[in-house]
Amino acid sequence: MTRRPWPKAVLFDLDDTLWPIAPVIRAAETNLYAWLQQHAPRVAAHFTIDSLRQARLELLARQPEYGIDLAALRRAGLLAAFEQVGEDIAKVGDAMTLFSAARNAVTPYADVVPGLARLRQRALVGSVTNGVADLAAIGLAAQFQASVAARDFGRAKPDPGIFLAGCTALGVLPADTVYVGDDLLLDVQGAQQAGLRAAWMNRSGKRNDLADQVQPDVEVDSIDALLDWLDNQHEHPHTQQQIRV
């Protein structure tokens, strides 16, 4: 079997690829609502967690530009709610600080920290995300040599530009890069259309219901499985170096 050279870089999605995000958001919203009950009771009396969420969705539908910055969307939603009931909008900053801390209280999957450490010995490692995770607050910033977020870049996945920005940040070509993410359209198809290869991180064993549209280069359930695929299908990085010398 002819093996390809090892990729020079691997880029990762964050939420639901490196950690589960739904339970974190639920806990963060619960904490925020408890804070509202104590510090902004008029808001809590008029809104529930669900109705605040619905109001954000309606705001997003009216102003889709918020789609690249969900933290800005949440802040705008809170401002609107505070203004609607006559609550002091100066408190929104404290509310967002509390929510942000809870939103970054993620627990990486067990394979993530050791897997990233192993991978960094063989390739450049970066992240490209539509989310608002703070890698420094989470404690994983040192694992990534570059990180690109939609809210900073100005465009979100699956726009090819954000994948290309990740490659540029690492100084590599798209053809020399593998992108790893959990979403078949945003991550896999988006990366492939930008010229990267794409690994579908399918931790829960979901079926590919879009198989007629999207075919990942590989399907894995952990970074360990990704490394196994890289080892099995590619020349070892040390072998490549010896050949070049």
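Start with helix α10: its buried residues pack against α9 (160-170), β4 (177-181) and β5 (197-201). Keep in mind that this is a predicted model. The helix itself covers residues 184-193, and the residues tucked away are L184, D187, V188, G190 and A191. Look at the N-terminal end of α10 and you'll find D183 acting as a cap, with a side-chain oxygen 2.9 Å from the backbone nitrogen of L185. Just past the helix comes G195, which takes a positive phi of about 95°.

Now step back to the sheet. Six strands make it up, and it is an open one, running in the order β3-β2-β1-β4-β5-β6 with parallel pairing. At the edges sit β3 (146-149) and β6 (218-220), each of which pairs on one side only. Ignoring direction, neighbouring strands of this sheet are turned by 25° against each other on average. What holds strands together in general? Strands of a sheet pair through backbone hydrogen bonds, and they do this in either a parallel or an antiparallel way.

Follow the sheet to β5 and β6 and you'll see two parallel strands joined by three bridges. Here W200 stands opposite E219 in β6. Helix α10 packs on the sheet too, touching β4 and β5, and its direction makes about 160° with that of β5. Which strands does α9 touch? Helix α9 packs on the sheet against β1 (9-12), β2 (124-129), β3 and β4, and its direction makes about 160° with that of β3.

Let's zoom in on one residue of the sheet. T177 belongs to strand β4. Is T177 buried or exposed? It counts as buried, because its relative accessibility is 0% and the cut-off for buried is under 20%. The side chain of T177 reaches the backbone oxygen of L173 at 2.8 Å. Setting aside neighbours within four places in sequence, T177 is in contact with A9, L11, C167, V172, L196 and R197. Of the elements we have already met, β1 (9-12) takes in A9 and L11, while α9 (160-170) takes in C167.

Another residue to visit is V112, found in helix α6 (residues 112-120). V112 is buried as well, with a relative accessible area of 0%. Which residues does V112 contact, once neighbours within four places in sequence are left aside? They are L18, R203 and I223. L18 is worth a look in the viewer: it lies 94 residues away from V112 along the chain, yet the C-alpha atoms of the two are separated by 6.2 Å.

Finally, turn to helix α1 (residues 22-39). With 18 residues, α1 reaches 25 Å from its first C-alpha to its last, close to the 26 Å expected at 1.5 Å a residue. Its buried residues are V24, A28, E29, L32, Y33, W35 and L36. Seen down the axis of α1, these fall within an arc of 165°, so they line one face of the helix. On the other side of α1, R26 and Q38 are exposed. And what do the buried residues of α1 pack against? Their partners are four helices: α2 (41-46), α3 (49-62), α4 (70-85) and α5 (92-103).

How values were computed:
Residues are numbered from 1 along each chain as its sequence is written. This is a predicted model: local features need pLDDT of at least 70, side-chain atom pairs count only at pLDDT 80 or more; totals for chains, interfaces and linings use all residues. Side-chain values use heavy atoms; hydrogens and water are left out. The expected span of a helix is 1.5 Å times one less than its number of residues. Buried means under 20% relative accessible area, exposed over 50%, partly exposed in between (1.4 Å probe, protein chains only). The arc is that of the directions from the helix axis to the C-beta atoms. Contact means heavy atoms within 4.5 Å. A polar contact is a pair of N or O atoms within 3.5 Å; within protein, one must be able to donate a hydrogen and the other to accept it, and residues adjacent in sequence count only if both atoms are side-chain atoms. Two strands pair if DSSP finds at least two bridges between them. Axes are lines fitted to C-alpha atoms, for helices over the stretch in contact, and angles run from 0 to 180 degrees between N-to-C directions.
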